[in-house]
Amino acid sequence: MTQVDTIMDGIVVSLAYLLTVDGEEVDRATAESPLEYLHGADNIVPGLEQALEGRRVGERISVAVPPEQGYGTYDEEEIDEYDRDEIPDADQLEPGTLIEVEDENGFIYEGVITEVTDSLVLVDFNHPLAGKTLHFDVEILSLREAEPEELDHGHPHALDGFYGDDDDDYDDEDGRA
Ligand code: ZN
């Protein structure tokens, strides 16, 4: 396989990173357990992907990603009201509870309960990091060319199950496509 030394489309990138939001750690990946993503395939937020374009192995970068290039701006319209009796187990719900709601087409949306009244349940479907500026400290660990099947699927296959392959035929032996 050809040696790759620069991040560009079609390259699988292995990263260690620390993500902080409002000064708090939100997520991290270490060199022992790195994040792998396929560059140019929208696996990661656009602002981070753009900042990594053209970078090389061993580089460390710090990047502040604004909401528009991260998980989007916060949208009040994304808060939906449900009749309390539409929601099973409404008695056990309180603000902060995560719930999944299925629409008429069978799509599942994850939301957070923001308010429970006698008659209504309010669910916020904004991404938990919507409206936030994301601070990434990233180290580029390694690069390789993507396999044809990875390009086809639009994600790397090294991390079992990480990209939730609905389109794969799983091999029971190793859980990969
Ligand atoms: Zn796949």
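The legends below accompany an overview and three close-up views of a predicted model.

**Figure 1. Overview of the predicted protein, with its 2 helices and 9 strands.** Read from the N terminus on, the elements follow the order β-β-β-α-β-β-β-β-β-β-α, and the chain that carries them has 177 residues, of which 35% are buried. Among the contacts in the protein with a separation of 6 or more, 62% are made by residues that stand 24 or more positions apart. The accessible surface amounts to about 10,900 Å², and carbon and sulfur atoms contribute 43% of that surface.

**Figure 2. Close-up of N126, a buried residue in a loop.** The loop that holds N126 runs between strand 8, which covers residues 120-124, and strand 9, which covers residues 134-145. N126 has a relative accessible area of 10% and therefore counts as buried, since the cut-off for that class is under 20%. Two polar partners of the N126 side chain can be located in this view: the side chain of D124 makes a polar contact with the side chain of N126 at 2.8 Å, and the backbone oxygen of D75 lies 3.0 Å from a polar atom of that same N126 side chain. When residues up to four places away in sequence are not counted, N126 touches T73, Y74, D75 and E78, so that D75 appears both in this list of contacts and as the residue whose backbone oxygen faces the N126 side chain at 3.0 Å.**Figure 3. Close-up of D22, an exposed residue with a positive phi.** D22 sits in the loop between strand 1, residues 11-21, and strand 2, residues 24-29. Although D22 is not a glycine, its phi is positive, at about 50°. Most residues other than glycine have a negative phi. The relative accessibility of D22 is 58%, and for this reason D22 counts as exposed, the cut-off for that class being over 50%.

**Figure 4. Close-up of D42, an exposed residue in the loop before helix 1.** The loop in which D42 lies connects strand 3, residues 35-38, with helix 1, residues 46-52. D42 is a residue other than glycine, and its phi is nevertheless positive, with a value near 60°. With a relative accessible area of 65%, D42 is classed as exposed.

Terms used
Residues are numbered from 1 along each chain as its sequence is written. This is a predicted model: local features need pLDDT of at least 70, side-chain atom pairs count only at pLDDT 80 or more; totals for chains, interfaces and linings use all residues. Side-chain values use heavy atoms; hydrogens and water are left out. Helices (H or I, at least four residues) and strands (E, at least two) are DSSP runs, numbered from the N terminus. Buried means under 20% relative accessible area, exposed over 50%, partly exposed in between (1.4 Å probe, protein chains only). A polar contact is a pair of N or O atoms within 3.5 Å; within protein, one must be able to donate a hydrogen and the other to accept it, and residues adjacent in sequence count only if both atoms are side-chain atoms. Contact means heavy atoms within 4.5 Å. Accessible areas come from the Shrake-Rupley method with a 1.4 Å probe; for residues, only the protein chains shown count as cover.
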